[in-house]
Amino acid sequence: PDRERDIFQRTGLLSETAIGNNRFTEMEQELGRDEPRPLYMDFQTGPLLWPYCFRNDPRVLDAMLPYQVNFYGNPHSRTHAYGWESESAMEKARKQVADLIGADPREIVFTSGATESNNMAVKGVVRFYGQKKRHVITTQTEHKCVLDSCRVLESEGFSVTYLPVQSNGLIDLELLDKSIRPDTSLVSIMTINNEIGVKQPIRDIGHLCRSRGVFFHTDGAQAVGKIPLNVTELNIDLMSISAHKIYGPKGVGALFVRRRPRVRLEPLQSGGGQERGLRSGTVPTPLAVGLGAACSIAQAEMVYDHQRVSALAQRLMHKITSQIPDVILNGDPDQRYPGCVNLSFAYVEGESLLMALKDVALSSGSACTSASLEPSYVLRAIGADEDLAHSSIRYFYYYCDYYPLWEMVQEGIDIKSIKWTQH
Amino acid sequence: MAASSRSQAISLYKMLLRESRKFPSYNYRTYALRRVRDAFRENRTVQDPQLVHSLLEEGHQNLQLIQRQVTVGQLYKAQKLIVE
């Protein structure tokens, strides 16, 4: 079989293996043909080539396939049937996204993902109102794209306040109130943190910002579709949405931009004026349809999934904390999304623990920061000790059905932690 | 009428479970089985004929979806997971 694979590879036939044969991804070559594949529990990122996890809900794929196979028209072509049907699919997807967050379809702009949405929101709004308003507020635990956009704005002469978070990961509302200046244009605070799962008091923040006349942007990538969100109730002016966090395709997202009261922003991407002039470029119809389908499925299944995830998370927490000493849950235990569990194991180094748990694909820190060996900046912000920050592991799962896993994980962790404390 | 829609529901349930078992992917298979069971359990006491009819329609569409996705999954099979 290896010789066969060699031949396939050399003649370039590997990518066209016949129907029914296994496809050899990099991981399979590493593991060897017969070894079973590890479980993918890292649902908050998407590093692996071959997603075992539930990253592409079959219902979403089913909605997308017709637009990859037959209905491949450009939604901006006004003159023929292919264009019209693509356009109507795109508008239907827009409505599905809007319904999930309680917005108007005209307030949704399709982008290439939450990173682009965050960039658009932060840089666009601040630059537009930059004549009179020169101040931005954000937190220290935001996603890298928000922090980096703020850094760029600082280099353009704006002043940025990075609010610290308390040790439970939540921001202090009074501190936020004091930080808002007359020349503040934007407050950007994410709804649910992607590393520790903490849920910020969005309703209060929105109310505060509205009363002070400041725009409120929230990175809702981890929250949309998982907890009920209504942008009108919560006084949100801009919200970033990511498709692949809710089982949609990778490479598409959306930005909610409020129309009443109108939020103006300077577009990042110039061109033919698509998406209300805010984001030029052909909208990828199949991806947008996937995003729409993912949103409507998330809306229908929100309650059911929340119950399931809470049950699984409780089970994980209970089993781990009852059998292993010195385990710390990072982040507030109540104000959180149950599906994101970030645990620190004292005396155990995170990366080595991950490598020891070779049967489970997790992540230490978050995908964006896991390339470097620095402890996570989010954990540092909540005041975790340096050594604990090094040893944190994040479990995030959603539709997980891995019942036999917990017993295996127990054995794995037990063995490893015992070994390490003997050093 | 009630008897026939009940028997329709039961046969739809069996067909859905039978199709769901064919998913090659562990995740999709277990999710589909669980979701189908829970959905039918939840709607067990529905009486309104219109609602019953629309739920059955939805069930049939989901059945077709599962059939299509099972086929796609079989075309692009991967190795088994460690839990299997």
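Modeller: Let's start with a definition: a salt bridge here is a side-chain nitrogen of Lys or Arg within 4 Å of a carboxyl oxygen of Asp or Glu. The model is predicted, so local features need pLDDT of at least 70 and side-chain atom pairs pLDDT 80 or more, while totals for chains, interfaces and linings use all residues. Residues are numbered from 1 along each chain as its sequence is written, chains are lettered from A and ligands numbered from 1 in the order in which they are written, and side-chain values use heavy atoms, leaving out hydrogens and water.

Colleague: Thanks! How far apart are the closest N and O atoms in the salt bridge of A:Lys95 and A:Asp99?

Modeller: Both residues sit in helix H4 (residues 81-101) of chain A, and because they are 4 residues apart there, about one helical turn separates them. Helices are DSSP runs of H or I with at least four residues, strands are runs of E with at least two, and both are numbered from the N terminus. A:Lys95 is partly exposed at 41% relative accessibility, as is A:Asp99 at 38% (buried means under 20%, exposed over 50%, partly exposed in between, with a 1.4 Å probe and protein chains only). The closest N and O atoms of this pair are apart by 3.1 Å.

Colleague: And A:Gln96, in helix H4 of chain A: which residues does it touch beyond four places away in sequence?

Modeller: A:Gln96 counts as buried because its relative accessibility is 19%. Its C-alpha is 5.1 Å from that of A:Gly292, although 196 residues of sequence lie between the two positions. With contact taken as heavy atoms within 4.5 Å, A:Gln96 touches A:Gly292, A:Ala293, A:Cys295 and A:Ser296.

Colleague: Which residue forms a salt bridge with A:Arg203?

Modeller: This pair links distant parts of the chain, 30 residues apart: A:Arg203 is in helix H8 (residues 202-212) of chain A, and its partner is in the loop between strand S6 (215-219) and strand S7 (238-242). A:Arg203 is partly exposed, with a relative accessible area of 47%. The closest N and O atoms are 3.2 Å apart, and the partner is A:Glu233.

Colleague: Is A:Asn235, from the loop between S6 and S7 of chain A, buried or exposed?

Modeller: Leaving aside residues up to four places away, A:Asn235 touches A:Gly206, A:His207, A:Arg210 and A:Phe216. Its relative accessibility is 15%, so A:Asn235 counts as buried.

Colleague: Now to a pair that crosses between chains: which residue of chain B meets A:Glu301 in a salt bridge?

Modeller: As background, side chains of opposite charge can pair when their charged atoms come close. A:Glu301 lies in helix H9 (residues 285-323) of chain A, and its partner in helix H2 (residues 26-42) of chain B. Both of these residues are buried, and a network of salt bridges links them with A:Asp57 and A:Arg59. At 2.5 Å, N to O, the partner is B:Arg35.

Colleague: How many salt bridges does the rule find across the interface of domain 1 and domain 2 of chain A?

Modeller: An automatic or database assignment sets the domain bounds, giving domain 1 (60-297) and domain 2 (301-396). The contact takes 27 residues from domain 1 and 23 residues from domain 2. The structure holds 17 salt bridges over all chains, yet across this interface the count is 0.

Colleague: Which three residues supply the most of the area that domain 1 of chain A buries against domain 2?

Modeller: Buried area is the accessible area (1.4 Å probe) that two parts lose on being put together, summed over both. It comes to about 2100 Å² here, with 60% from carbon and sulfur atoms. Supplying 33% of what domain 1 buries, the three are A:Glu195, A:Ile196 and A:Lys226.

Colleague: Last one: what is the relative accessible area of A:Leu163?

Modeller: A:Leu163 lies in strand S4 (residues 159-163) of chain A. Beyond four places away in sequence, A:Leu163 touches residues including A:Ile137, A:Leu175 and A:Leu176. In chain A, 55% of the 423 residues count as buried. A:Leu163 is buried too, with a relative accessible area of 2%.
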